[in-house]
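Grab a coffee and open the viewer. Below are some exercises to work through with the structure on screen.

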Amino acid sequence: MTFLFTDIEGSTRRWERDPETMAADLAEHDETLRAAIESHGGWVFKHSGDGVYAAFSSPRGAIDAAIEAQRSLRLPVRMGIATGEVKSRAEDYFGPALNRTARIMAVGHGGQVLVSGSTAGLVTGIDLWDLGEHRLRDLSGVERVFQVRADGLAVEFPPLRTIDGAPGNLPAQVTSFVGRDAEVKDLAELVRDHPLVTLIGVGGVGKTRLAVHVAAELVPDFDGGVWLVELAPVGDPAAVPDAVATMLGILPQPGRTATDCIADALAGRRLLIVLDNCEHVLDAAGDLVDAVLARAPTVRVVATSREGLRARAEQLWVVPSLDVGGGAASAAVELFVERARAVVANFCLDDEADAVAVTEICRRLDGVALAIVLAAARMVSMSPSEVLERLTDRFRLLRGAGRGLERHQTLHQAVQWSFDLLRTDERVVLQHCSVFAGGFDLAALTIVVGEGWDEYTVLDLLDSLVRKSLVTAERVGLGTRYGLLETIRQFAEDQLAATTGIDTVRDRHARYYADRLRVLFDAWDGPGYREAIDWLDAEFANLRAGFRWVTDQDDVVTATAIVAPTALLAFALNRFEPVGWAEELLAAATAADVPQLPRLYTAAALCSWLGRPEAGLAYAERALALESDPRYQPLPSGWSRLAEANAHLVAGTMDRYVEISADMAGQSGFAHSIGLASLTFGLPAMGRAQEARDVADKALAAARARGNPFVTALALYACGRAFTDTDPVRALDLFRQSLAYAREHRVPYIEMSTAQDLAGLESEYGDLGAGLALFDATIDSFHQSGNAADTIGTLATLAILFDRIERAEPAATIYGATTLHTGTGWVIGLPDLVAHLRTALGASRLDEYVAAGTSMDLAQAVQYARAQIQLARRDLDHQP
């Protein structure tokens, strides 16, 4: 069967002041579509808002009907066509082909006809333009998309509205989106027009899924990306800004709140943030949104909560339950059938008794999506009539209460009912799952459940809970990661708390992560690097939750065991939130004289990268002093000296940086390999590039022998710097190697650092356009992450490039902006810049432009630099 879906691009607001014209236009639109469809053997089986769903027995008929309709329609209509097997019921159709058709249509534009690869392969004699493979919402793989070209149809359209390569972190949806197409369209328009839209409703009604779907629809509208921030794992309202900053890659800055850092970093950017599950941190989320929108009016926020945030300019949208009024053809029943097929592949409603029972189940559950999913999961071992009977016995709705409260009780009873059906051992495991934040693996759960449980027993119970839709499972790499829907997690947590044993379970949770960190920290410095980094990234929310719990319990020993390695390992990921944890804990840990105190001071010393090298140096020196005391557990040789060296690097005292690096290079182990790489990095900036070249091969060999990807990526980067002045082609190749290696082995910090030097050489000796684009991306990445030191360094490198391509005015202005900050001493070629600019501009003009730069704060300097990059790229494009 082939399907043609149509939709009017944009909203009905074009007629909001003239409803009579709207009615006439829509009637004409519908008549034109229906005539074209029927003239080519098709039939209309459903309307969705102002859209039409039609079915054809012939793929060619669907395409011909679309062409005929587009030639006659006056409104901007997008059309999608796909072919596949479906089930028919009550004059409606169900199956993956319909979801594919809807997704194909959704990526198009008014006047455009798009065809899936499944249809394109079945027709001949049609001019189909291959638009390539694309990732579409709600489809797990990629889809090849074709555009129909015919006389009378437009040819040129904007890029498809897909999510390919778009910045952001929206998760791929592996199940279809049922019953809310009209809401998605209306909500998308609302978000375009209002800074804050909050989706409110009972837990489990589908707020998160709807918000993510709307956000995916809006990806083309936000060049700064669409970002999902899950607040459910954030138990402390004060940690809300930190969680948002971490997800957006914005680092804290000295003397400023996380909220201020976020607001300033987002100023002037056009991006969409989805704040999910705000109900337990309402005030904190509302305050953050108010602050961000006050300073970043181009940002849009979609929030989900059980009640409004009470923020300024908030638009509330009540998410309704799925429609149950259409009987067996309703959206609620469609959802039930689809989820039931996930556990029973041949599930259908051909039997009238089953159709009646499922319809009644959905009605009794008030169309609440989560409750329906839970009931559908029971089809693996029960019939619809058996489930309905249990609902009758166990599921009693509150009467005489408000509608909202009734729905809340409906969901609670649905979860309670599902919980009551579990065996005792299944209940125990589900309760223990609730202490995790952001998911967990089998090993973690086995420890947290406690003694007397082995991995195989827990695995069997997890498998049962996954099949019953109470636990989620996701394949990540070679393993499986489990999680709970937030409503289920809260319910299970309440059940655990009722046993009076939740404190003991949280203690086991925190100590498990402390113990695991101890192992992975040692593995990081070698072939186990990737396992450690991937684990740290996946478990970051659990590490935060564990740290907060033991800190509240005054367990500074476990808190230190979590914080110190987390902060040090997270550096490679360019994540600095744990540095704040370390500084927060210092006073209590020092008073308690914990054995790992030197490690905590070393972790705190990473604040150098947050623009506080003086404090970083003091922390590093304190760590070094403590390491000689046998009462303490120091880090492996090299860590504290590296922190000391980096504090000097950011402070601009390059001679001390090089001296400390040389001293480390003379030692063994980690200190030797990281010392050689650091020495090779620093020498060229001091005019001692020949010395760097003399040790470059040795540094690279030592790094590779160590087997630590962080050190190897750094060594490749440093070797490139050693050859920048004498052999730029070789340097360019080494930088490219470093960038590729860092990406392959997941070393984001070195990836970003390499990119700034690569951008300069690429611009001079490679592709100038590509180099300028790399500069733009690197400056944006460093600035958005809050890394002031590397932002300033990249601006200084850009100033050198602008001078070399004869753009002296912006070069002088950007240079002026960098003079307000330390940390540019490592930039190669910077000492010669001022003399060359003075020759090019003259002393008085140079002073004028430098003064203009010094008047800018960092955000203004970044905005100016990026604007100048765009001007340079535009001029390059217009060169003959």
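What follows is a set of tasks with worked solutions, all based on a predicted model.

**Exercise 1. Work out the strand order of the seven-stranded open sheet, and find which strands stand at its edges.**

Solution.
- Step 1: Trace the sheet from one side to the other. The order reads E2-E3-E1-E4-E7-E9-E8, and the pairing is mixed.
- Step 2: Look for strands with a single partner. These are E2 (43-48) and E8 (127-135), so each has one side left without a neighbour in the sheet.
- Step 3: Check the twist, which averages 25° from one strand to the next.
- Step 4: Zoom in on one pair. E2 and E3 (residues 51-56) are antiparallel and share five bridges. Within this part of the sheet, Lys 46 sits opposite Tyr 53 of E3.
- Step 5: Add a helix. H2 (residues 59-72) packs on the sheet and touches E1 (2-8), E3, E4 (77-83), E7 (113-116) and E9 (142-149). The direction of H2 makes about 175° with that of E4.

**Exercise 2. Do the same for the five-stranded open sheet: what is its order, and is the pairing parallel or antiparallel?**

Solution.
- Step 1: The order is E11-E12-E13-E10-E14, with parallel pairing.
- Step 2: At the edges you'll find E11 (226-230) and E14, each pairing on one side only.
- Step 3: From one strand to the next, the twist averages 20°.
- Step 4: Pick a pair again. E12 (residues 272-276) runs parallel to E13, and four bridges join them. Ile 273 stands opposite Val 301 in E13.
- Step 5: H6 (residues 207-217) packs on this sheet, in touch with E10 (196-200), E11, E12 and E13. Its direction is at about 165° to that of E13.

**Exercise 3. Compare the end-to-end reach of H22 and of H10 with what you'd expect at 1.5 Å a residue.**

Solution.
- Step 1: H22 (residues 556-570) has 15 residues, so at 1.5 Å a residue it should span 21 Å. Its end C-alpha atoms are 20 Å apart, which agrees.
- Step 2: How covered is H22? Mostly: 14 of its 15 residues are buried.
- Step 3: H10 (residues 331-343) has 13 residues, with 18 Å expected; from first C-alpha to last it reaches 19 Å, which is close.
- Step 4: List the buried residues of H10: Ala 331, Ala 332, Val 333, Leu 335, Phe 336, Val 337, Arg 339 and Ala 340.
- Step 5: Ask what covers them. The cover includes E5 (87-89), H6, H11 (352-364) and H12 (369-377).

**Exercise 4. Take three salt bridges, find where the partners of each lie, and say how exposed the partners are.**

Solution.
- Step 1: Start with the principle. Side chains of opposite charge can pair when their charged atoms come close. With a cut-off of 4 Å from nitrogen to carboxyl oxygen, the count here is 54 salt bridges.
- Step 2: Arg 149 and Asp 127 meet at 3.5 Å, N to O. Arg 149 lies in E9 and Asp 127 in E8, so the pair ties together parts 22 residues apart in sequence. Arg 149 is partly exposed at 30% relative accessible area, and Asp 127 is partly exposed at 38%.
- Step 3: Asp 290 and Arg 312 meet at 3.9 Å, N to O. Asp 290 is in H9 (residues 282-295), while Arg 312 is in the loop between E13 (300-305) and E14 (314-318), so this pair also links parts 22 residues apart in sequence. Asp 290 is buried at 13%, whereas Arg 312 is exposed at 57%.
- Step 4: Arg 530 and Asp 534 meet at 3.0 Å, N to O. They are four residues apart in H20 (residues 529-538), which means a separation of about one helical turn. Arg 530 is partly exposed at 35%, as is Asp 534 at 29%.
- Step 5: Follow the shared partners outward. Arg 530, Asp 534, Asp 537, Arg 575 and Arg 746 are joined by salt bridges into one network.

**Exercise 5. How many disulfides does the structure hold?**

Solution.
- Step 1: The count is zero.
- Step 2: Check Cys 261. Its closest cysteine sulfur, in Cys 607, is 14 Å away, so the two are too far apart for a bond. Cys 261 is also buried, at 2% relative accessibility.
- Step 3: Check Cys 348, which is in no disulfide either: the nearest cysteine sulfur, that of Cys 362, lies 15 Å away.

Methods. Residues numbered from 1 in each chain as written. Predicted model: local features only at pLDDT ≥ 70, side-chain atom pairs only at ≥ 80, totals over all residues. Heavy atoms only, no water. Helix = DSSP H or I, 4+ residues; strand = E, 2+ residues; numbered from the N terminus. Expected span 1.5 Å × (residues − 1). Buried < 20%, exposed > 50% of the residue type's maximum accessible area, 1.4 Å probe, protein only. Pairing = 2+ DSSP bridges. Axes fitted to C-alpha atoms, helices over the stretch in contact; angles between N-to-C directions. Contact = heavy atoms within 4.5 Å. Salt bridge = Lys/Arg side-chain N within 4 Å of Asp/Glu carboxyl O. Disulfide = S-S within 2.5 Å.
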